[in-house]
Amino acid sequence: MKFSAYIILTLFIMAFAGCESMITDVEIETPKPKIVVIGFVSPDSPYNSLKIYESRPLYSPLPSGSEDFPVITNATVIIYSDNDSAIMNYNQQYNDYRISQDAMPIIKGRTYNLKVTTPKGYYATSSCTVPNNEPPVLEIVGIDTISKEEGWDPSVWVYQLRARAQFKDWEGEGHFYRVAAGQMNWIDGEQPYQYSYDIGLSRGSSLSSDKNNDGNTYAITTNDFMAQTGESIRLYFTISITDSHYYNYHKTLMNFEGDNPFAEPTTIYSNIEGGLGVFSSYIQDDIIYDIR
Amino acid sequence: MQKPHFSGILKIISLIGIIFLSNTAVSQNKYSISGYVRESESRELLPGVNIYIPAIKGGTITNNYGFYSLTLPQGDYEVRFSFVGFDPVTLQLSHYKDTIINIDLKSITLQGVTISAEKSERITETSEISVISLPIQQIRQVPVLLGEKDVFKTIQLMPGVQKGSEGNGSLYVRGGGPDQNLIILDDAPVYNAFHLFGFFSIFNGDAIKSVELVKGGFPARFGGRLSSVVEMTMKDGNRSKFSGEAGIGLISSRLVLEGPFSKDKSSWIISGRRTYIDVLAKPFMSKEEKAGYYFYDLNAKVNYEFGSRDRVFLSGYFGRDKFSVITDYDTKEEGGLYWQNGTGTLRWNHIYNPRVFSNTSLIYSHYSINFYDQESYNDESYSLRYTSGIRDLTLKNDVEINFSPFYNLRTGLHLINHLFTPSAVVEKENTDVLYDSNESEYNSLEGGLYVENQFSIGQRIKANAGLRFSNFLADEKHYSAFEPRISANLIITQGLSLKAGYAQMNQYIHLLSSTGLSLPTDLWVPSTDRIEPQNSSQISLGIAKDFAKTDLQITIEGYFKESNNIIGYKPGASFLIIDDPSNSQEFTWEDNVTPGKSNSYGIETLIHKKSGRLNGWIGYTLSWTKLQFDEINFGKEFWARYDRRHDISIVGIYRISNGVNFSATWVYGTGNAITLPVGEFPGIEHNPLTDALVNSGQPFPYNYFPSVNDYGEMNTFRMKPYHRLDFAFQFIKTREKYQRTWEIGAYNTYSRKNPFFYYIDYDYVNNQSVSKLKQVSIFPIIPSITYSIKF
């Protein structure tokens with residue numbers, strides 16, 4: 001064959017193959033929905049509640065006109081320990097299953113089991129053990145003024161502030177903690193708004209495990225927050241001691257990166273047998289710190 | 001990790017001593033033949049040449065520097081020198097004194113195609129297991145993407161070696177990651193072997209003399225990585241005349257020039273390659289907005305012979321990739337990314353006596369990635385510069401002693417100083433330094449001391465037994481280990497043998513990589529007190545068969561490899577910090593990684609024909625790779641992303657007529673194991689602040705409802721299988737003063753849409769949103785044409 005004949009042959013193959021879209025659909029069997037149970041119980045909450053949903057399978061049509069997750073309202077939910085057993089009833093107002101401390105006291109160190117059944121055939125179980133310790137003391141170490149600038153009115157000063165706090169881990173490994181800092185502002189002489197927002201932390205983690213860090217002191221610093229002359233600030237600090245399920249679930253939630261192709265996929269932690277979600281416990285202390 | 005024992009070191013030293021003493025005792029009626037084997041025209045030194053003495057049914061091969069040494073009792077012998085693609089040479093030797101015999105082998109090529117009738121080295125006669133030597137001639141004839149001849153893409157076609165994603169040159173050897181391969185160019189380790197985000201390797205095939213891949217049964221002279229060694233030697237340069245080679249391809253051009261400084265005494269070679277996409281695209285860009293990408297690489301080597309006992313080689317490599325964007329409006333902004341490799345090797349070969357050969361190397365290797373952003377407006381300016389890299393300085397000395405055709409000793413000491421800069425950031429506004437993180441450097445020292453004993457027991461057993469003592473000192477943390485190595489060959493009948501190998505390996509440096517992609521942004525980091533060295537144990541067992549008449553070799557090998565302390569990335573971890581380099585001060589890589597275990601096992605079959613009118617190979621791998629990390633997949637074992645049950649490569653090179661060659665490759669691989677979301681559910685978070693308000697009397701419901709993915713089990717979904725056919729025709733014409741070659745070919749001839757990655761998208765069908773799994777492919781059929789001349 002001549003050189004030109006080879007070129008013609010090659011061109012023919014290329015033309016035959018052509019150029020098509022390089023994005024194609026992949027056929028995949030529609031997965032089945034799963035029951036999702038999410039609940040955090042605590043000895044300090046007047047009511048303890050659970051949310052129960054059905055997950056939304058991918059590779060199938062979404063429910064038309066709504067992206068909400070279907071709430072399961074007709075489940076039978078039994079919470080029980082070695083000592084007690086009670087049914088958690090669906091509450092339409094809060095769209096959850098709840099029970100008061102009187103009906104089912106949540107007690108430190110005790111293990112609670114959960115059994116959820118639905119008419120559709122879902123069957124999920126779980127259990128968690130309430131931490132034995134109280135949360136450690138969260139000590140507010142200082143409020144730093146980062147900057148002070150004149151506002152639009154020369155009599156008003158605008159402050160940029162930052163709070164520092166610390167707590168010490170209980171002796172022995174196996175403790176998990178959650179800390180948070182919120183802020184409420186109000187004009188002097190008026191009632192504070194029943195609304196706070198999370199300031200977030202610039203240093204330290206809101207979730208901590210004492211694995212390999214037993215007995216350490218954990219320091220946190222809030223993000224900067226603003227205040228001005230004539231305004232008061234109430235800082236809400238919370239510190240919780242949690243079980244491992246609470247810690248693992250929230251840690252994976254925080255790590256969840258959605259569709260970032262450059263991040264490892266995050267499987268959300270679950271301790272629900274037969275479904276998704278978490279049933280976990282915590283004990284929380286709140287610290288209110290007013291700045292005027 | 002094994003603890004070092006002082007008594008072990010004493011045993012090694014004693015062993016060496018005994019061997020030296022025994023040698024003195026037996027050497028009185030034995031003499032040596034030694035010398036160099038070279039290519040007759042260019043006087044290029046030839047590694048891997050087989051030297052065989054029928055009378056003793058044994059022999060040796062030339063080392064990486066083309067040197068051989070054999071010690072024999074006095075007598076008359078026939079000595080055969082043979083190497084694939086070269087005319088064999090047979091000598092009759094009256095052996096009654098030490099003799100130096102330098103041999104020149106003549107290449108048998110006809111219009112560019114090797115038609116050697118002589119056989120390759122018989123694999124059934126070597127003690128090595130899991131070692132593949134790739135003839136450069138075959139590498140140059142295998143069809144590849146855009147006609148860019150690529151050593152790594154050819155290695156990917158070998159059994160036991162998987163590729164990563166489509167078009168990417170990364171090597172996954174026997175279940176190990178790309179960070180577990182020791183890539184050596186003229187003794188220098190190369191840390192990032194790729195151009196263009198992994199699509200092309202940095203090694204210019206025109207400048208490479210030999211390539212060897214070791215997958216298991218590692219000789220003790222190699223250390224520092226778990227999975228493989230890819231050892232490449234650059235050409236030394238033509239010692240007899242000035243010559244060269246030039247090629248023009250679709251994306252790059254290349255040039256090689258070589259010649260003697262002083263005939264038969266010293267030579268030089270220089271080669272370069274550069275892409276020209278940026279130059280071609282420039283006229284089509286506006287004055288205000290410009291973007292460009294290029295890569296280039298340069299290889300250079302000189303050597304000088306000081307008498308018959310000493311040779312000095314100085315070689316170097318430098319390559320760079322750069323991607324840049326410039327906008328020039330009121331504010332002028334320039335940003336980009338460039339990464340670069342540089343290596344330099346100074347080697348001294350010394351022959352103490354005909355039995356003792358030594359090589360001493362001083363090696364420099366450097367890799368860095370840089371990200372920059374500069375903005376200027378009138379007199380105001382802002383700049384951000386991010387750098388990450390590794391720099392090695394190595395001193396190594398290796399000694400080979402030939403005691404008899406049945407016993408060779410190799411010993412050596414390697415010392416490497418690593419300087420890691422995982423992230424250095426400098427941020428400036430005008431002349432004010434806003435941030436400077438120069439202190440983030442880690443210095444460490446890695447050492448290796450080894451002994452290799454290559455011996456035969458009778459006519460049927462050949463073995464290489466050795467021990468390597470490795471250690472690592474960093475950040476006041478000290479790690480050390482003994483690494484036993486053995487490979488053995490039992491010759492069952494002539495042309496049929498049973499092979500086995502065992503190796504323990506330690507790896508003291510780690511690569512932090514973004515998911516599944518070999519990007520230049522991957523960071524090298526040392527072992528620390530928190531992140532321990534990786535280690536592995538591997539057993540290989542195989543059968544080798546030589547078909548002497550057809551020059552065909554068949555190997556079937558099984559392996560089992562267990563690795564510990566391998567690096568995994570915690571869920572959500574991302575190391576792609578160039579998204580926002582100014583945040584890199586927050587970057588704590590040790591918090592993002594987790595140690596784990598890997599188990600891989602499989603069977604590999606290779607049918608290889610290295611020469612002849614029709615040559616090539618068929619490779620098949622059946623393999624399994626499982627991983628387990630305490631902090632990934634909740635501690636449960638899962639399939640590795642590149643676990644590949646079946647992997648097939650068929651490579652054929654055929655000489656149609658004088659001056660026309662045809663080559664084709666077909667590959668098939670089981671799809672990668674990935675984690676696919678199967679559903680979505682509300683990731684409701686407990687909000688302690690809301691709780692605090694509830695506790696003060698106001699009941700609040702949970703208030704945060706992000707949607708999160710239900711991924712199901714980790715890596716249980718398989719991407720579609722990968723398969724592809726490539727072909728190329730070479731048209732070679734020899735003129736009076738030069739030879740020209742046209743090569744036309746195609747990659748992915750039947751335009752198979754192979755998966756690159758998957759994502760979820762939403763289509764609207766009957767006014768309903770439907771989530772669909774979409775596959776992105778990147779290469780349809782890609783034609784190529786290249787032109788090259790050789791003079």
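The following exchange examines how several descriptions of this predicted model are justified.

Me: Why is A:Ser208 called buried?
Reply: The relative accessible area of A:Ser208 is 7%, and buried means under 20%; A:Ser208 is therefore classed as buried. This residue is found in strand 15 (residues 207–209) of chain A.

Me: Which residues does A:Ser208 touch, not counting residues up to four places away in sequence?
Reply: Its partners on that basis are A:Phe167, A:His175, A:Phe176, A:Tyr177, A:Tyr218 and A:Tyr247.

Me: Why is B:Leu498 called partly exposed?
Reply: B:Leu498 has a relative accessible area of 35%. Partly exposed covers the values between the buried limit of 20% and the exposed limit of 50%, so B:Leu498 belongs to that class. Its place is in strand 33 (residues 496–507) of chain B.

Me: Which residues make the nonpolar surface patch that includes B:Leu498?
Reply: B:Leu498 is joined there by B:Ile457, B:Ile461, B:Leu490, B:Ile492, B:Ile543, B:Ile556 and B:Ile603. The patch has an area of about 620 Å². Membership requires over 30% relative accessible area, and B:Leu498, at 35%, satisfies that condition.

Me: What makes the phi of B:Ser130 notable?
Reply: Most residues other than glycine have a negative phi. B:Ser130 has a positive value, near 60°, and sits in the loop between strand 10 (113–114) and strand 11 (131–134) of chain B. With a relative accessible area of 2%, B:Ser130 is also buried.

Me: How do you know that B:Asn715 is buried?
Reply: Its relative accessibility is 8%, and the limit for buried is under 20%; B:Asn715 therefore counts as buried. B:Asn715 lies in the loop between strand 45 (707–710) and strand 46 (717–718) of chain B, and its phi is positive, near 50°.

Me: Which members of the largest nonpolar core touch the most other members?
Reply: Within this core of 71 residues, they are B:Phe152, B:Ile155, B:Phe203, B:Val211, B:Val230 and B:Met232. Strand 27 (residues 380–404) of chain B supplies the largest share of the core, 4 residues. A second, separate core has 46 residues, among them A:Ile79, A:Val179, A:Ile272 and A:Phe279.

Me: What is B:Met232 in contact with, leaving aside neighbours within four places in sequence?
Reply: The contacts of B:Met232 include B:Phe152, B:Phe203 and B:Val211, together with B:Asp186 and B:Ser210.

Me: What fraction of chain B is buried?
Reply: Buried residues make up 60% of its 791 residues. The secondary structure of chain B comprises 6 helices and 51 strands.

Technical notes:
Residues numbered from 1 in each chain as written. Chains lettered and ligands numbered in written order. Predicted model: local features only at pLDDT ≥ 70, side-chain atom pairs only at ≥ 80, totals over all residues. Heavy atoms only, no water. Core = buried A, V, L, I, M, F, W, Y, C linked by side-chain atoms within 4.5 Å. Buried < 20%, exposed > 50% of the residue type's maximum accessible area, 1.4 Å probe, protein only. Helix = DSSP H or I, 4+ residues; strand = E, 2+ residues; numbered from the N terminus. Contact = heavy atoms within 4.5 Å. Patch = residues over 30% accessible without salt bridge, like charges linked within 9 Å, V, L, I, M, F, W, Y side chains within 5 Å. Areas by Shrake-Rupley, 256 points an atom, 1.4 Å probe, with all protein chains shown as cover. Salt bridge = Lys/Arg side-chain N within 4 Å of Asp/Glu carboxyl O.
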